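These are my notebook entries on one protein chain, written while I went through its fold and its helix contacts. I kept them in the order in which I looked things up.

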Amino acid sequence: MGAIHGPILRKSSNCTGGLDRLVRMLSQSVAASIRSAISGGYFSPGQQLSEVKAAERFHCSRNTLREAFSELTAERLVTRIPNRGVFIATPDAAFVKDLFTARAAIEPAAVLWGEFPNPSELVDLASSAQAHVEAEEHQVISSINQNFHRRLVAGLGSPTLDEQMDNLLARMRLTFLLALPRYPSLHVEHVPGNIRLAEYIAAGERDAAAAVAREALLATCRRILAVL
């Protein structure tokens with residue numbers, strides 16, 4: 001009998017391990033979808049997330065959704081309040097300082113050492129926001145700006161940093177949504193700076209580009225903190 005039970009137990013253990021991996025993959029996929037929705041501006045700071053509606057929207061079970069919420073809580077994108085539910089994070093001063101400190105470390109490094117085979121594409125991307133300035137299409141300008149900064153970090157070729165940037169840009173969107181009513185020129189002000197930064201990269205002036213990137217991030221942090 002011992003010879004029979006051993007393989008059965010090992011097989012059961014393997015099945016359990018495979019199931020656990022599948023659950024993790026599903027919850028990570030749902031977390032990525034929610035993170036993308038936050039980054040896209042589809043949720044507002046402080047908005048409550050209904051488990052029922054969120055499970056329907058993201059096509060998952062409520063158990064999988066709860067696992068995704070746990071991941072997003074660790075990333076500071078949502079907050080779980082006992083007996084009340086799960087809410088989209090509301091940025092405060094500490095949230096904003098931490099966010100910009102991280103970006104001011106990562107993005108200048110990307111500008112210095114990233115690989116950009118066609119740097120003129122960065123110039124074109126940054127410049128494309130200008131067409132939306134006069135119409136005050138803040139959401140479109142914000143999306144272009146976010147894509148530009150995501151491209152910068154992608155130049156480092158690190159999946160780990162790409163994943164971290166997805167989190168930072170989602171937190172960035174929440175910060176912008178909170179600050180925008182009191183700082184309406186927020187997105188528009190970034191357009192000339194992004195173009196200048198891209199032009200420095202295209203010209204091979206990486207040190208100047210990194211300095212521009214860092215100072216722009218720190219200046220934006222100061223301005224946002226002043227209106228929160």
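**Entry 1: helices α5 and α6**

I began with a pair of helices, and I noted that α5 and α6 cross in the left-handed sense. I then looked up the geometry: helix α5 covers residues 119-127 and helix α6 residues 138-154, and their axes come within 9 Å and cross at roughly 160°. An angle over 145 degrees counts as roughly antiparallel, and α5 is therefore roughly antiparallel to α6. For the residues that make this contact, I listed Leu 122, Leu 125 and Ala 126 on the α5 side, and Ile 144, Asn 147, Phe 148, Arg 151 and Leu 152 on the α6 side. Sorted by class, the contact of α5 with α6 has six nonpolar residues, one polar and one charged.

**Entry 2: what kind of model this is**

Before going further I recorded that I am working with a predicted model. The mean pLDDT of the protein is 90, and 91% of its residues reach 70 or more. Residues 1-6 I set aside, with a pLDDT below 50 and, beyond near neighbours in sequence, zero contacts in the model.

**Entry 3: the overall layout**

I counted the secondary structure next, and the protein comes to nine helices and three strands. Following the chain along the sequence, I read the pattern as α-β-α-α-β-β-α-α-α-α-α-α. For the dimensions, I noted that the C-alpha trace spans about 75 × 40 × 30 Å along its principal axes.

**Entry 4: the sheet**

In what order do the three strands of the open sheet lie? I found the order β1-β3-β2, with antiparallel pairing. The edge strands are β1, at 48-49, and β2, at 78-81, and each of them pairs on one side only.

I took the β1 side first, where two bridges join β1 to strand β3 (residues 85-88) and the two strands run antiparallel. Here Gln 48 has Phe 87 as its bridge partner in β3, while Leu 49 stands opposite Val 86 of β3.

On the other side, β2 and β3 pair over four bridges, again in the antiparallel sense. I looked up two of the positions: the bridge partner of Arg 80 in β3 is Val 86, and Ile 81 stands opposite Gly 85 of β3. Val 86 therefore appears in my notes twice, as the residue opposite Leu 49 and as the bridge partner of Arg 80. 

I also checked the link between β2 and β3, which form a hairpin with three residues between them, and in the turn Asn 83 has a positive phi of about 65°. As for what lies over the sheet, helix α3 (residues 62-74) lies across β1, β2 and β3, running at about 115° to β2.

**Entry 5: helices α4 and α7**

At what angle do α4 and α7 pack? Helix α4 (residues 93-113) and helix α7 (residues 159-179) pack at about 140°, with their axes 10 Å apart. I had to place this value with care, and α4 and α7 are therefore oblique to each other. Their crossing is left-handed. From α4, the contact takes in Phe 95, Val 96, Asp 98, Leu 99, Phe 100, Ala 102, Arg 103, Ile 106 and Glu 107, and from α7 it takes in Leu 161, Gln 164, Met 165, Leu 168, Arg 171, Met 172 and Thr 175. By class I recorded 10 nonpolar, two polar and four charged residues for the contact of α4 with α7.

**Entry 6: helices α8 and α9**

I finished with helix α8 (residues 186-202) and helix α9 (residues 206-227), which pack at an angle of about 165° with their axes 8 Å apart. It follows from the angle that α8 and α9 are roughly antiparallel to each other. The crossing of α8 and α9 is left-handed. The residues in contact on α8 include Glu 189, His 190, Gly 193 and Arg 196, and those on α9 include Arg 206, Thr 220, Arg 223 and Ile 224. The contact of α8 with α9 divides into nine nonpolar, three polar and four charged residues.

How values were computed:
Residues are numbered from 1 along each chain as its sequence is written. This is a predicted model: local features need pLDDT of at least 70, side-chain atom pairs count only at pLDDT 80 or more; totals for chains, interfaces and linings use all residues. Side-chain values use heavy atoms; hydrogens and water are left out. Axes are lines fitted to C-alpha atoms, for helices over the stretch in contact, and angles run from 0 to 180 degrees between N-to-C directions. Angles under 35 degrees count as roughly parallel, over 145 as roughly antiparallel, 65 to 115 as roughly perpendicular and the rest as oblique. A crossing is left-handed if the near helix is turned anticlockwise from the far one by less than a right angle, and right-handed if clockwise. Contact means heavy atoms within 4.5 Å. Ala, Val, Leu, Ile, Met, Phe, Trp, Tyr, Cys and Pro count as nonpolar, Asp, Glu, Lys and Arg as charged, and the others, Gly among them, as polar. pLDDT is the predictor's confidence in each residue, from 0 to 100. Two strands pair if DSSP finds at least two bridges between them.
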